[in-house]
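User: Could you take a close look at the aromatic side chains in this one and walk me through how they sit?

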Amino acid sequence: MEPWDKEISVNKHDGRDTGEVRFDDPWYDALAFGWGETDGTGELTPAVPAARQPQEETSDRAAADVYLEVQRSAAFQEVRSRYRKFVVPAFVSFFLWYVAYVVTATTATEFMATPVAGSVNVAMLAGLGQFLSTFLLTWAYARHARLRRDRAALQLRWDTQELTRGARGGAA
């Protein structure tokens with residue numbers, strides 16, 4: 001048998017037609033089932049089910065009032081204040097450090113090319129300093145959030161969920 005005959009024999013198909021999809025096939029895409037098919041009455045089934053069931057307008061308004069009440073609360077304002085007290089100075093200082101690095105690298109090339117140790121120059125140290133300051137800022141932000149805001153924010157979230165559940169008539 002020639003080598004090309006083996007290739008042809010592999011491409012031959014024996015058995016049932018594999019192009020037909022069986023509904024009892026475990027690999028059948030169940031999420032796509034029903035798209036463009038009839039619902040038994042001759043009408044097409046909707047392709048995407050509704051995301052929300054219509055609710056009465058008063059419960060939505062009551063839930064919105066709960067969120068506004070929480071937003072105006074002293075606890076929420078304290079969490080936002082703690083967030084701003086960290087983020088604004090951190091952003092300003094990091095942005096100024098980044099702009100100083102870029103401006104110095106483009107305008108003071110002789111200074112940036114000054115060797116520090118062997119082939120390591122000021123530009124390489126400043127570039128590595130950018131990476132280091134990014135990691136330090138990320139660590140400081142996560143630590144600040146964990147120590148100063150997370151517990152209060154979780155308590156606010158819990159209170160908001162409880163108030164919303166009560167406003168919608170659920171079990172409180």
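Analyst: Helices here are DSSP runs of H or I, at least four residues, numbered from the N terminus. With that in hand, and keeping in mind that this is a predicted model, start with F91 and F95: both lie in helix α3, four residues apart, or about one turn of the helix. Their ring centres are 5.7 Å apart and the planes sit at 20°; planes under 30 degrees apart count as stacked, so F91 and F95 make a stacked pair. F91 is exposed at 53% relative accessible area, while F95, at 44%, is partly exposed.

Those two rings have company. F91 and F95 belong to a nonpolar surface patch that also takes in V88, V92, L96, Y98, V99, V102 and V103, and together the patch offers about 780 Å² of accessible area. Y98 is in helix α3 too, which covers residues 74–107, and its 41% relative accessible area makes it partly exposed.

Y98 also leads over to helix α5 (residues 122–167), home of Q130. Leaving aside residues up to four places away in sequence, Q130 touches Y98 along with F94, W97 and Y101. Q130 itself is buried, at 9% relative accessibility.

Back to the rings: the count comes to two aromatic pairs. Besides the stacked one, F86 and Y141 have centres 5.9 Å apart and planes at 50°, so that pair is tilted. It ties distant parts of the chain together, with F86 in helix α3 and Y141 in helix α5, 55 residues apart. F86 is buried at 18% relative accessibility, whereas Y141 is partly exposed at 32%.

How values were computed. Residues numbered from 1 in each chain as written. Predicted model: local features only at pLDDT ≥ 70, side-chain atom pairs only at ≥ 80, totals over all residues. Heavy atoms only, no water. Patch = residues over 30% accessible without salt bridge, like charges linked within 9 Å, V, L, I, M, F, W, Y side chains within 5 Å. Areas by Shrake-Rupley, 256 points an atom, 1.4 Å probe, with all protein chains shown as cover. Salt bridge = Lys/Arg side-chain N within 4 Å of Asp/Glu carboxyl O. Helix = DSSP H or I, 4+ residues; strand = E, 2+ residues; numbered from the N terminus. Buried < 20%, exposed > 50% of the residue type's maximum accessible area, 1.4 Å probe, protein only. Contact = heavy atoms within 4.5 Å. Phe/Tyr/Trp six-rings, centres within 6.5 Å; stacked < 30°, edge-to-face > 60°.
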